[in-house]
Amino acid sequence: MMSGKFLGRAIIIACLLGLIAVPAMAEKIVVGVAGAHSGDLASYGLPTVNAAKIVADEINAKGGINGMQVVIAPQDDQCKPELATNVATKLVSDKVTVVLGHICSGATKAALPIYTEAKMVCMSPSATNPSLTQSGDYPTFFRTIASDDAQAKLVVDFATDKLGVKKIAVLHDKGDYGKGFAEFAKMFIEKGGKAEVVLFEGVTPGAVDYSAVVQKVRRNKADAVIFGGYHPEASKIVSQMRRKRMKTVFLSDDGVKDDTFIKVAAKNAEGVYASGPVDISKNPLYIKAVKQHKEKYGSEPGAFYPQAYAAAQALLNAIEKAGSTDYDAIVNALHTQYVETPLGKIKFDNRGDAEGVGFSMYVVKDGKYDEVK
């Protein structure tokens with residue numbers, strides 16, 4: 001019998017010569033989750049992290065995908081374009097398999113050239129700027145939410161046809177998302193010919209006082225405001241309007257259809273209209289996804305959770321159907337393979353938009369958003 005010393009040397013030599021098979025280290029699928037995980041817009045980004053973890057846990061409990069376990073790697077960009085480029089660079093450098101995110105359109109747009117160059121799939125649950133898919137510049141990008149042009153048309157049609165408003169002030173937060181939405185709203189108002197744009201103006205995000213623009217709304221005798229942007233600015237503007245006893249109708253986008261807006265604006269949120277993804281509350285997979293979140297985190301999911309849940313499912317389903325983590329194989333599967341999600345049965349068109357998703361109008365009533373039937 002060999003001594004331990006000589007036996008160890010023999011094993012090393014045999015391994016080097018390939019005489020003994022050494023088990024390979026198990027591979028894994030790494031999903032980078034990029035978005036606002038801190039700061040004012042964290043309520044939009046954290047539900048996506050939670051959704052990704054829940055989907056990954058369920059898949060891993062069943063043995064993973066093609067023998068590989070799914071790992072979630074969150075990266076915080078605070079919805080800031082300058083941070084988003086750093087996040088994208090890190091995720092590419094870390095060689096993650098796919099990216100779930102980013103959350104805000106401006107941050108997404110800043111990050112996409114990096115993913116495009118690296119040929120890395122990026123799927124957002126909430127970035128709605130139309131150019132992200134319609135420009136053709138970002139073949140690596142997909143999303144599980146409809147774009148701002150459809151959203152803006154819905155809001156304008158609702159304001160003019162259902163509410164009968166005639167003079168509309170269109171405001172925005174100067175960002176890619178908010179300004180893009182506002183520009184589409186202005187275009188649809190002017191094309192429709194049923195109302196007049198009496199004011200089109202951007203506000204500075206993070207400002208304490210918006211009384212100057214509120215006064216312009218009053219001076220121009222607008223009977224409605226359509227705002228493009230997020231809840232921090234919207235809550236301040238509508239609150240200042242109500243403190244001035246202005247009964248001007250306030251309508252906005254899915255950046256405002258969030259419980260945080262209601263918490264911050266409090267009683268001033270009552271009667272505010274906002275567009276948001278269609279009501280899917282009766283879908284059994286949606287009910288299941290919400291139950292999973294409550295069981296794991298002890299709370300309601302938050303904004304864009306079902307869209308993020310669907311995105312995680314779509315990405316991982318594509319990898320499974322492709323039988324590979326190769327970029328081209330994943331992209332082909334996303335375009336051709338349906339997946340059942342809380343949003344319904346989806347796949348993606350040649351631009352990267354999910355087929356079959358859309359928007360509805362909601363109104364704040366008794367402290368919560370109700371879908372307008």
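Two strands count as paired here if DSSP finds at least two bridges between them; the structure examined in these exercises is a predicted model.

**Exercise 1.** Determine which residue of β2 stands opposite Val 31, and how many bridges join strand β1 to β2.

*Solution.* Begin with the pair of strands: β1, which covers residues 28–35, is joined to β2 by 8 bridges, and the two run parallel. Given the cut-off of at least two bridges, these strands are a pair, and within it Val 31 faces Ile 72 of β2.

**Exercise 2.** Work out in what order the strands of the open sheet are arranged, and which of them stand at the edges.

*Solution.* The open sheet is formed by 5 strands with parallel pairing, and their order reads β2-β1-β3-β4-β5. Because β2 (69–76) and β5 (141–143) each have a single partner strand, they stand at the edges, and one side of each is left without a neighbour in the sheet. Neighbouring strands of this sheet are turned against each other by 25 degrees on average, with direction ignored.

**Exercise 3.** Find at what angles to β2 the helices α2 and α3 run.

*Solution.* Take helix α2 (residues 42–61), which lies across β1, β2 and β3 (98–100) and runs at about 170 degrees to β2. Then turn to helix α3 (residues 81–93), which lies across β1, β2 and β3 and runs at about 155 degrees to β2.

**Exercise 4.** Establish the handedness of the unit made by β6, helix α7 and β7.

*Solution.* Strand β6 (residues 167–172) and strand β7 (residues 196–202) run parallel, joined by 6 bridges, and Ile 168 stands opposite Val 197 in β7. With helix α7 (residues 176–192), these strands make a β-α-β unit that is right-handed.

Technical notes. Residues are numbered from 1 along each chain as its sequence is written. This is a predicted model: local features need pLDDT of at least 70, side-chain atom pairs count only at pLDDT 80 or more; totals for chains, interfaces and linings use all residues. Side-chain values use heavy atoms; hydrogens and water are left out. Helices (H or I, at least four residues) and strands (E, at least two) are DSSP runs, numbered from the N terminus. Axes are lines fitted to C-alpha atoms, for helices over the stretch in contact, and angles run from 0 to 180 degrees between N-to-C directions. Contact means heavy atoms within 4.5 Å. A crossover is right-handed if, with the strands pointing away from the viewer, the path from the first strand over the helix to the second runs clockwise.
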